[in-house]
Amino acid sequence: ILGQNRAIFQESVEECLTQVWGDEDRLLVMTPPSDCDQLHDSRSLLYRSMVSVLEILDSLFDVVIVDVACARGILRKTLYRVADQLIFMTGNDPASVYASLSRITGGFASMSPSSKLWILQNAPLKQGLPLKLLVSELERATKIDISCFIEEPIPLCKSGALWPGSGGTMLSRGERGVYK
């Protein structure tokens, strides 16, 4: 679709969706576009096509989750601007705090005033920063209200971390804390 081989209509977008699990028809995934510099240029047709696809997905589903980890420039800012909610993952490794801070402040500056911001701690390390210290440092540096921090982190789970390509999922392979 993004390569302009097909017109962007609801039917053509729906054909690009694949069920994640065979027994769950409400959880679908769309293969991400290949890394292409044109996708990050707001004047390109590819960029406008991507926005059109997202508009169609938004009209079809109650929730659309977009992983913006590899997005950059104007594409990332556009995704932040159109999102109803932004969830930033951060770690408690002191070496990762600056990168998290940079991503959060960039997202906060670009997001719509009506959007909700969430910050979630991913797999805290035992030797990393305690949650209270991490939250206070991010709050102090970003000037973001502490209420956007989700207190329950995603637990560190070695068996759950093996799920990509394993035939299972993080949910099916993970421990009870991951499921919760």
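Here are a few notes on the structure above, which is a predicted model.

1. Let's start with the overall layout. The protein has seven helices and five strands. If you walk along the sequence, they come in the order α-β-β-α-α-β-α-β-α-β-α-α, so take a moment to trace that pattern in the 3D view.

2. Next, inside versus outside. Of the 180 residues in the protein, 31% are buried. The accessible surface adds up to about 12200 Å², and carbon and sulfur atoms account for 55% of it.

3. How do distant parts of the chain meet? Take the contacts between residues at least 6 apart in sequence: 59% of them join residues at least 24 apart.

4. Now zoom in on Thr-142, which you'll find in helix H5 (residues 131–142). Is Thr-142 buried or exposed? Its relative accessibility is 10%, and because buried means under 20%, Thr-142 counts as buried.

5. Stay with Thr-142 and look at what surrounds it. A polar atom of the Thr-142 side chain lies 2.5 Å from the backbone oxygen of Leu-138. Leaving aside residues up to four places away in sequence, Thr-142 touches Leu-101, Ile-104 and Thr-105.

6. Last, the rings. Searching the whole structure turns up one aromatic pair. There is also a charge to look at: which ring does the charged end of Lys-116 sit over? That would be the ring of Trp-118, with the charged end 4.6 Å from the ring's centre.

Conventions: Residues numbered from 1 in each chain as written. Predicted model: local features only at pLDDT ≥ 70, side-chain atom pairs only at ≥ 80, totals over all residues. Heavy atoms only, no water. Helix = DSSP H or I, 4+ residues; strand = E, 2+ residues; numbered from the N terminus. Buried < 20%, exposed > 50% of the residue type's maximum accessible area, 1.4 Å probe, protein only. Contact = heavy atoms within 4.5 Å. Areas by Shrake-Rupley, 256 points an atom, 1.4 Å probe, with all protein chains shown as cover. Polar contact = N/O pair within 3.5 Å; in protein donor to acceptor, adjacent residues only side chain to side chain. Phe/Tyr/Trp six-rings, centres within 6.5 Å; stacked < 30°, edge-to-face > 60°. Lys NZ or Arg CZ within 6 Å of the ring centre and 35° of its normal.
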